[in-house]
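Grab a coffee and open the viewer: here are a few exercises to work through with the model in front of you. Try each task before you read the solution under it.

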Amino acid sequence: MTRQTRQPVVFGTGAAIFVVVLMIVGAPLVYMGLRQVRLENDIETWLPEQDAGARILQWYLDHFEHEKTILVAWDGSTLNDPRVARFADRVAGPIDENGHRTGGLEGVTDINTPRDIIARMLENGIPRDQAVRQLDGVLIGSGMLKIRLSRDGRSERADIERQIVRRANEELGLEIDILPPLEDRFTELGDRTESAADADDADGGNDDTNEFAVRDDEPYPVPPQHDFQLHWTDISPRSPHTEAVCQLVESLTVDGQPAVEDCFFWLGAPAGMSIKISDEGEQRILELVLEMREVAVDVGVPEGAIQFGGQPIASAMLDLEATRALWNPNYPIWMLHKRSPVLLSALVGMLVSFVVLGSIRLSLLVTLVSMYTGLAVFSLVPATGGTVNMVLVVMPNLLLVLTTSGAIHVANYWRHARHRGENDPVSHAVRMAFMPCLLASTTTAIGLASLTTSILTPVRDFGIYSSAGCVLSLLMVLFGFPALLVIWPGGRKVNPEKDFRGWQSIGRGLARHGTVISSVTIIIFFTSVAGLRYFHTETKVIRYFPDGSEIVENYQFLEENLAGILTVDTLVCFDAEAMEETDFLQRLELVREIQNRIRGVEGISGTLSLADFRPTIEPPGEGASVLQKINYRRAVQRTERGVFEEQVESSGQFVTRANKSLEFQRDGESIHFAEGDEVWRIRVQGGVMTDRDFLSVVSRMGEVTQGAIGSQQGVTYVVTGMLPLFLRTQEAVLESLIESFALAFALIAVVMMFVLRSVLAGLLTMLPNLMPIGLVFGLISWAGMSVDIGTMITASVALGIAVDGTLHLLTWFQDGIDRGMTRSEAIAQGLGHCGPAMWQTSASIALAMLMLGGAELLLISRFGWLMAALIGAALIGDVIFLPALLGGPLGAVIERQVRKRRDADKSTGTPDESPHETSEVGQTGV
């Protein structure tokens, strides 16, 4: 690493012009590529097709629902609310003569309302009360806790409300909101608002007498009288706080008399709707939501009261917020941290570069090559047929970091050469920077390329494109930036000796107290690393949005008042043997039993299956008459024929026969669904907003399902849907973090061993590079913060970046030892040359990254401040920990290797020539 002969001049004016012309020619291509960038953040595409979880989900989608659905409701809606039916007719169109909805909004294919589903249940003989209960947590909610005051309590209502809020906070730690009572103003279905009636007339009306318009037009019970409602986070009838709140409320008195007559939940409000959208609707989902908001206002829903939830909306909002990180017109231009965090990041990076470099010209050139690199690699994504996801959106900033780091090092080498009066300071700077920059880019590329081992598509794509970006970054640092220095010469000379002397003094002090500094740093490092036992991952897309955002508030309302938004369906499969031994109604009853058990699992809001639409028919006992057996047999045949022949369209979403096989492993056991098997679907809805452990929910579902199946042969199951997919991606995030980091560490360690020609020295040198990762990730684990798919990639990135400063410092340290300096003076020389560049790089990059903290999308803001923290920690590792180690055992090992190599060169007659020509500044340091 320190043996290198003099190289010829590499940057004449002609060569510089050629490089700049290439950059100019490439600019239009970059622009065209950027115009074709498309955002796509569908979590269903994250896992590879061969992954077991992804295969199961795709098999499930092939046999059941292809269309995406969104959940809709508004505060104050009830089963008697005529606005629900009018909204459905306007959004999906009225029901035609064939029983289908047509003529609705573009992209909407169908809509299910509670009354429509209940009507179908009633047609099959299900009692109305039972039908309502079966939709609990699916499309009907219990809302908030209702409080009915006694006569004495009403006289002191204001004081009672204040006591509830105060005592709940002091005794239960709950922040309780007092809300007005639920009023059922729609007991008469004919009570139409004028605007709704006009809208119906404009649409051609809706004939409620149509035989296909399955509607239950009888009014439902109205909410019991109550005075106000209570709300707290994660409220539900099964909330662990509900009983305590009720006890607290019922303990209140007025003059010794109970102040509260009753507290209760009431099933029937709100009433939600499930809206199916086509692929075209998914592409325009945000526009579609705006149209549905307008429809809601037209039918009498207060503006802003309607709430939307579902995976298509979350994905679209993710795309929108990622775009808003580039430019958000919702904020004034003076709030640039919100208007464009990415632009602010670039501007701050350029401003800090100017401050630390003391030159507008240098800061402009550094910014130019850095931004050119980031945008050029970003434009490769659409050029290669890829799409930009939530992880790739931060790639330009990362490449800006890498290029800025290298360019500032070259700028400092150029300053030294210019101050010494070199004839060609640009070429001299490139020669000095060539080997450390090459090794730094190589090791960083290794760290990034290690991400390609991830099974998650966004992480793998990030590894591919960003490692390719490292190559372009190296070319820009060694050719693009120097070419611009040649084309735009001039500027006042800056004497770097002052900074050089200051950093030399720091280096000598670190060398003298190396043992103490190393010991303290290692103690801090291992204390932080101990926090990794609390390390946990998070892949719920909704967690990427800030708490006060509209989508989070929508999700919170729907899950607290209506139903869980995530699907976590259970598929029950009967093979040929099982179908031979049981009849259709027996299989239906087993599915009903499984469904009832799943409904009781904590974290599940509601379930729906074909069993909900069919009454229980008991098989005839041993003493049954022939007629009873015949009637039962006819009921079996009639039900099976109706499901598979007459009502395929409605029943097909709950039961079907497999048209292709599926094989997977569960707990070491091979599970096989064969072609022709009968597959039943139990639709299950779970909450995404709670902190409940998804794994325990899915595991418990499997346990109760297996418990219901028992020892029956030929019957098996699988749990699939979005919630298990989240679990699998969460596992993959952790796997990717560990595997990619381990691979990057191993490969970079090998490079360091090769560079230092010592296994021990290579391993010791990795300690300062591990420090930022262990320190930062350990501290966030201690703080209880989760690692998402965006923060996951920073570990391998930080490892590569930390090696950059390490290699530059080791280059100068070895050079000093090779020239006969003591370890203390070699450390002083190294810090004198590299210290300014390292802190300048860290300051400009860290502050630029910190500006991303203003992004609305937490994925981007977390990436920004975490990268800033890692870069700050890497600076500490390179300018404090590494010099301290070089003053101790690490320096001794390297010194021994360098002297051994120098003695070998002398014995063979090899000329002793240092790559860093003795300089005026260098002599001053010695």
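## Exercise 1: the nonpolar patch

Ile17, Val21, Val25, Leu351, Phe354, Val355, Ile360, Leu364, Ile487 and Trp488 together make a nonpolar surface patch of about 900 Å². Keep in mind that this is a predicted model.

**Task.** Find which helices each supply at least two residues of the patch, then work out how Phe354 is classed by accessibility.

**Solution.**
1. Start with the helices: α1 (13-35), α14 (341-357) and α15 (360-383) each put at least two residues into the nonpolar patch.
2. Now place Phe354, which sits in helix α14.
3. Check its exposure: the relative accessibility of Phe354 is 32%. Buried needs under 20% and exposed needs over 50%, so Phe354 comes out as partly exposed.

## Exercise 2: the open sheet

**Task.** Work out the strand order of the four-stranded open sheet, pick out its edge strands, and say which helices lie across β10.

**Solution.**
1. Walk across the sheet: the order is β2-β9-β1-β10, with antiparallel pairing.
2. Look for strands that pair on one side only. Those are β2 (108-112) and β10 (306-309), the edge strands.
3. Add the twist, which averages 25° from one strand to the next.
4. Zoom in on one pairing: β2 and β9 (residues 273-277) are antiparallel and share four bridges. Here Asp110 is opposite Lys276 of β9.
5. Bring in the helices. α11 (residues 285-298) lies across β1 (68-74), β2, β9 and β10, and runs at about 155° to β10. α21 (residues 550-561) lies across β1 and β10, and its angle to β10 is about 95°.

## Exercise 3: a salt bridge across the sequence

**Task.** The structure has 31 salt bridges. Take the one between Arg154 and Asp227 and explain why it ties together parts that are apart in sequence.

**Solution.**
1. Confirm the contact: the two side chains meet at 3.1 Å, N to O. The cut-off for a salt bridge is 4 Å, so the Arg154–Asp227 pair qualifies.
2. Locate the partners: Arg154 belongs to helix α6 (residues 151-155), while Asp227 is in the loop between α8 (194-202) and β5 (228-231).
3. The linked parts are 73 residues apart in sequence, so that is the span the pair ties together.
4. Finish with exposure. Arg154 has a relative accessible area of 37% and is partly exposed, whereas Asp227, at 9%, is buried.

## Exercise 4: pairs with little sequence between them

**Task.** Describe how Glu170 and Arg166 are placed in their helix, then treat the Glu422–Arg420 bridge in the same style.

**Solution.**
1. The side chains of Glu170 and Arg166 form a salt bridge at 3.4 Å, N to O.
2. Both belong to helix α7 (residues 157-172); they are four residues apart, so about one helical turn separates them.
3. Glu170 is exposed at 55% relative accessibility, and Arg166 is partly exposed at 42%.
4. Next, Glu422 and Arg420 meet in a salt bridge at 3.9 Å, N to O. Glu422 is partly exposed at 30%, and Arg420 is partly exposed at 22%.
5. One last stop: Arg587, Glu640, Arg657 and Glu678 are joined into one network by salt bridges that share partners.

Notes:
Residues numbered from 1 in each chain as written. Predicted model: local features only at pLDDT ≥ 70, side-chain atom pairs only at ≥ 80, totals over all residues. Heavy atoms only, no water. Patch = residues over 30% accessible without salt bridge, like charges linked within 9 Å, V, L, I, M, F, W, Y side chains within 5 Å. Areas by Shrake-Rupley, 256 points an atom, 1.4 Å probe, with all protein chains shown as cover. Buried < 20%, exposed > 50% of the residue type's maximum accessible area, 1.4 Å probe, protein only. Pairing = 2+ DSSP bridges. Axes fitted to C-alpha atoms, helices over the stretch in contact; angles between N-to-C directions. Contact = heavy atoms within 4.5 Å.
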